[in-house]
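Dear colleague,

I am handing over the structure below, and after it I set out what was found when its pockets and its surface were examined. Please read the notes with the coordinates open beside them.

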Amino acid sequence: MFMKKLVVLFRLLLTRLPEFMLAIHYAGRRERLGHRVMDPKAQAVGVFANSMRVPGEIPVIEQTRAQVRQITKVFDEPCPPLAQKRDLSVAGGAGELPARLYCDSAEPTGLPILVYFHGGGWVQCDLDTHDGIAGKLAKWSGCIVIAVDYRLAPEDPFPAAIEDGLAAYRWVREHAAELGGDPARVGVGGDSAGGNLSVVICQQTAADERPALQALIYPATDARMNTASIKEMPDAYIIPTDRMLWYRQTYMGDFEDLEDLRLSPLLAPDLAGQPKAYVVTGGFDPLRDEGESYAKALQAAGNDVTHREFPGQIHAFVSLTKVIPQGNECIREVAGWLRGAW
């Protein structure tokens with residue numbers, strides 16, 4: 001037990017080394033997938049994450065939520081200083097939901113608004129675990145960000161999160177002016193499960209109420225889990241296949257149709273008229289192919305799409321910015337796209 005703790009501590013300390021030192025440490029041992037080579041910082045974080053897990057064992061809900069909160073404290077940067085950061089309530093599918101407003105203007109008027117949905121497999125994470133990314137997007141893009149704390153499974157399984165997402169987005173549009181925003185420039189965004197919710201909101205809303213844009217960071221778009229990237233990375237860092245199956249089953253509950261468009265929006269037969277999109281994928285993320293496929297499907301339908309792959313990155317890298325510099329690089333790129341896309 002003592003030796004295992006020393007190994008875990010050593011691997012944690014490795015994540016703090018500068019990138020050039022880690023490149024030396026992993027010389028000849030960098031993980032590869034075809035032409036892709038894993039970022040040395042991402043590899044160090046992944047190795048550390050694996051050392052904390054028992055293979056094949058999924059922790060109980062309370063434990064996994066507590067672990068994510070702790071990982072956020074250790075590996076992600078806090079929200080940057082802003083002129084405004086305050087909690088508020090928005091409408092949900094079954095009552096009010098906690099939300100948080102981020103803005104770097106003390107008295108905003110007519111600013112664009114991004115409604116942001118956190119990742120976490122529809123099972124974990126909250127406003128605090130994604131406080132850093134929401135604040136950075138607000139500061140670096142100049143827009144207002146409203147982060148939404150939607151209901152999680154298993155307490156509230158599918159489609160509760162989608163109902164909350166739709167209701168919250170519509171509430172923000174209705175109250176945009178009093179929040180200091182522009183009702184005509186309300187977009188959606190999110191990472192992983194939150195990317196899924198953003199895509200579904202865009203598909204489930206009528207043309208006259210559709211979001212102005214969608215910022216999708218490694219979005220989940222195909223619940224069937226049969227893509228090449230999932231098959232080639234069964235032991236992927238952060239979300240190995242067994243963990244992904246657990247997320248899916250916990251979220252779905254008794255629902256069984258994997259081809260329901262709210263679970264697999266990639267299967268939508270008609271994507272014409274969808275909002276302009278920025279789609280981020282990671283080369284070593286099992287969700288890589290479904291994110292890329294969705295970007296291609298949007299583009300084939302005539303939509304304005306930018307797809308950005310970070311070839312050396314793992315899932316959740318934008319939430320690991322204390323140790324993975326490319327996480328901030330990605331957030332800055334998304335923020336830059338937002339500035340131009342509004």
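The lining of the largest pocket divides into 29 nonpolar, 14 polar and seven charged residues, and please keep in mind that the model is a predicted one. This pocket has a volume of about 1,100 Å³, and of the 50 residues that line it, Arg53, Val68, Gln124, Ile238 and Tyr247 are those that lie nearest its centre. Helices α3 (40–51), α4 (61–75) and α9 (241–252) each supply at least two residues of that lining, with the largest share, eight residues, coming from α4.

The second largest pocket holds about 220 Å³ of space, and it is lined by 14 residues, among which Asn50, Arg53, Pro55, Gly56 and Pro240 are the closest to its centre. Here the largest share of the lining, three residues, comes from α9, and by class the lining has six nonpolar, three polar and five charged residues. You will find Arg53 named for both pockets, since it is listed among the residues nearest the centre of the largest pocket and also among those closest to the centre of the second largest one.

Turning to the surface, Phe20, Met21 and Ile24 form a nonpolar patch there, with about 340 Å² of accessible area together. Phe20 has its place in helix α2 (residues 19–25), and this residue counts as exposed because its relative accessibility is 57%, where the cut-off for exposed is over 50%.

With best regards

Key:
Residues are numbered from 1 along each chain as its sequence is written. This is a predicted model: local features need pLDDT of at least 70, side-chain atom pairs count only at pLDDT 80 or more; totals for chains, interfaces and linings use all residues. Side-chain values use heavy atoms; hydrogens and water are left out. On a 1 Å grid over the protein atoms alone, a cavity is a set of points where a 1.4 Å probe fits but cannot get out, and a pocket is an open set with protein on both sides within 12 Å along at least five of seven lines; lining residues have an atom within 4 Å of a point. Grid points are joined across faces, edges and corners, and a volume is the space filled by probe spheres set on the points. Helices (H or I, at least four residues) and strands (E, at least two) are DSSP runs, numbered from the N terminus. Ala, Val, Leu, Ile, Met, Phe, Trp, Tyr, Cys and Pro count as nonpolar, Asp, Glu, Lys and Arg as charged, and the others, Gly among them, as polar. Patches are made of residues with over 30% relative accessible area and no salt bridge: like charges are joined within 9 Å, nonpolar side chains (Val, Leu, Ile, Met, Phe, Trp, Tyr) within 5 Å. Accessible areas come from the Shrake-Rupley method with a 1.4 Å probe; for residues, only the protein chains shown count as cover. A salt bridge is a side-chain nitrogen of Lys or Arg within 4 Å of a carboxyl oxygen of Asp or Glu. Buried means under 20% relative accessible area, exposed over 50%, partly exposed in between (1.4 Å probe, protein chains only).
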